[in-house]
Number of protein chains: 2
Amino acid sequence: MQEQTATMTKKRMPLNGVDVPTLFATIDAVRNQPELAKFQFRVSNRWVSGTNSQSRIESFSGAGGEQKHATAFQFDADHPQVLVGRDQGPTPVEFLLHALAACLTAGIGNIAAARGITLTEVESTVVGNMDLRGILGISDEVRNGYEKIRVEFRIKGDAPPEKLREVVEQSRARSAVFDMITNGGPVEIGLTAG
Amino acid sequence: MQEQTATMTKKRMPLNGVDVPTLFATIDAVRNQPELAKFQFRVSNRWVSGTNSQSRIESFSGAGGEQKHATAFQFDADHPQVLVGRDQGPTPVEFLLHALAACLTAGIGNIAAARGITLTEVESTVVGNMDLRGILGISDEVRNGYEKIRVEFRIKGDAPPEKLREVVEQSRARSAVFDMITNGGPVEIGLTAG
């Protein structure tokens, strides 16, 4: 009984930099008011030259209204010189791997905190293999995207390996980016020309 | 005949910041030596705190060997305060939209140049709608990822709207990120714990 109380107290304390009480309060609020869960994320992009473009990320909507990031973020993407670009930023497909690593890692931080597990290290490498004959239009038998992506985590914390494994598994099961990259979804493209 | 010669000369000149002769030479080289097309892209990510992590993008392999970007790129991702994060960077799902915009735009730059079309402006907004009851674990009937993504391009160049539309369509048909986000692909996750 004493142990159970101690565990419950631990679970509702801030941990791993996660404000666990506010996280649970947020989940409760959304459960009671599902319309708060409707979010729209946005990026505006401007072509610079060649394969180089720049995106701006500033506003989004959700939690019942318009929201703004604390600062506006800007990122260049480009192709490297070996792919006839000017290397002004990572390639779009590298940003995709970054999105995947960051999504799974954010989930690991949240879920470990909610379960009362203190993390001391979460590192990952993400590699994606691609045959460029797809995007270069050389072969119709080769897909444009990655043939395979592999994520390798190294995690240290005050829980046995099996518990850390369950945290990673739960993060995978609730990751927005993992869902998009493994299952796909509808994308519409519109154009105003001239 | 004179017109045809002029057109062909135009097509093989650098245009839109794209080194068109080198682009065609690269495609020819890959056609003759398909192993040059095998690329591996990589990201290493390190958890900082809470939902904040940082990715480093530096090396990749392809074109027959190990390659490095001119500089190492680093990016923070985080959740915003309304989602109990500290807003140290865009969310992972915003980076996904950035990857999509940048991939389609790089293709538009290359394809327009290859077709002898001078572009003066390519802008896009990408919006993605998501019901967060999925990732918050409130409803199993709601997916984790975007329900729908919409990309809206505004393009100006020295070609009629129909030709610009064909450029966008060809970019979509050969985009690595569009392929991943609409069709998905295999992702493996490994873990070394403790």
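This report describes the interface, the two sheets, the buried helices and one histidine of a predicted two-chain model.

## Basis of the model

Because the model is predicted, local features need pLDDT of at least 70 and side-chain atom pairs count only at pLDDT 80 or more, while totals for chains, interfaces and linings use all residues. Residues are numbered from 1 along each chain as its sequence is written, chains are lettered from A and ligands numbered from 1 in the order in which they are written, and side-chain values use heavy atoms, with hydrogens and water left out.

## The interface

Chain B has 128 residues in contact with 128 residues of chain A. Contact means heavy atoms within 4.5 Å. The area buried between the two chains is about 11,400 Å². Carbon and sulfur atoms give 63% of that area. On the chain B side, Phe41(B), Trp47(B) and Arg174(B) lose the most area to chain A, together 7% of what that side buries. Buried area here is the accessible area (1.4 Å probe) that two parts lose on being put together, summed over both.

## The sheet with edges from chain B

Strands of both chains make up an open sheet of six, in the order β3(B)-β2(B)-β1(B)-β4(A)-β5(A)-β6(B), with mixed pairing. Strands and helices are DSSP runs, numbered from the N terminus: strands are E, at least two residues, and helices are H or I, at least four. Two strands pair if DSSP finds at least two bridges between them. β3 (65-77) and β6 (187-193) of chain B stand at the edges, each with a single partner strand, so one side of each has no neighbour in the sheet. Neighbouring strands are turned by 15° against each other on average, direction ignored.

Two pairings in this sheet cross between the chains. β4 (residues 119-131) of chain A runs antiparallel to β1 (residues 38-49) of chain B over nine bridges. Val126(A) has Val43(B) as its bridge partner there. β5 (residues 148-157) of chain A pairs with β6(B) in the parallel sense over seven bridges, and Arg150(A) stands opposite Glu188(B). Within chain B, seven bridges join β1(B) to the antiparallel strand β2 (residues 52-62). Asn45(B) is opposite Ser55(B) in that pair. The hairpin has two residues between its strands, and Gly50(B) takes a positive phi near 60°.

## The sheet with edges from chain A

A second arrangement has the order β3(A)-β2(A)-β1(A)-β4(B)-β5(B)-β6(A), again an open sheet of six strands with mixed pairing. β3 (65-77) and β6 (187-193) of chain A are the edge strands, each with a single partner, so one side of each is left without a neighbour in the sheet. The twist averages 15° from one strand to the next. Angles run from 0 to 180 degrees between N-to-C directions, and axes are lines fitted to C-alpha atoms, for helices over the stretch in contact.

Helix α4 (residues 161-173) of chain B packs on this sheet. The helix touches β6 of chain A together with β4 (119-131) and β5 (148-157) of chain B. Its direction makes about 155° with that of β6(A). In chain A, β1 (residues 38-49) and β2 (residues 52-62) run antiparallel and share seven bridges. Gln40(A) has Ser61(A) as its bridge partner in β2(A).

## Helix α5 in both chains

Seven of the eight residues of α5(A) are buried, so the helix is largely enclosed by the rest of the structure. Buried means under 20% relative accessible area, exposed over 50%, and partly exposed in between (1.4 Å probe, protein chains only). The buried residues include Phe178(A) and Asp179(A). At the start of α5(A), a side-chain oxygen of Ser175(A) reaches to within 3.4 Å of the backbone nitrogen of Val177(A). Gly184(A) follows the helix with a positive phi near 70°.

α5 (residues 176-183) of chain B is also largely enclosed, because seven of its eight residues are buried. Just after α5(B), Gly184(B) has a positive phi of about 70°.

α5(A) packs against α3 (residues 92-114) of chain B at an angle of about 35°, with the axes 8 Å apart. Ala176(A), Val177(A), Met180(A) and Ile181(A) meet Pro92(B), Val93(B) and Leu96(B). These residues divide into seven nonpolar, no polar and no charged. Ala, Val, Leu, Ile, Met, Phe, Trp, Tyr, Cys and Pro count as nonpolar, Asp, Glu, Lys and Arg as charged, and the others, Gly among them, as polar.

## His79(B)

His79(B) lies in the loop between β3 and α3 of chain B. This histidine is buried, with a relative accessible area of 16%. Leaving aside neighbours within four places in sequence, His79(B) contacts residues of both chains, including Ala106(A), Asn110(A), Thr51(B) and Asp87(B).

How values were computed. Polar contact = N/O pair within 3.5 Å; in protein donor to acceptor, adjacent residues only side chain to side chain.
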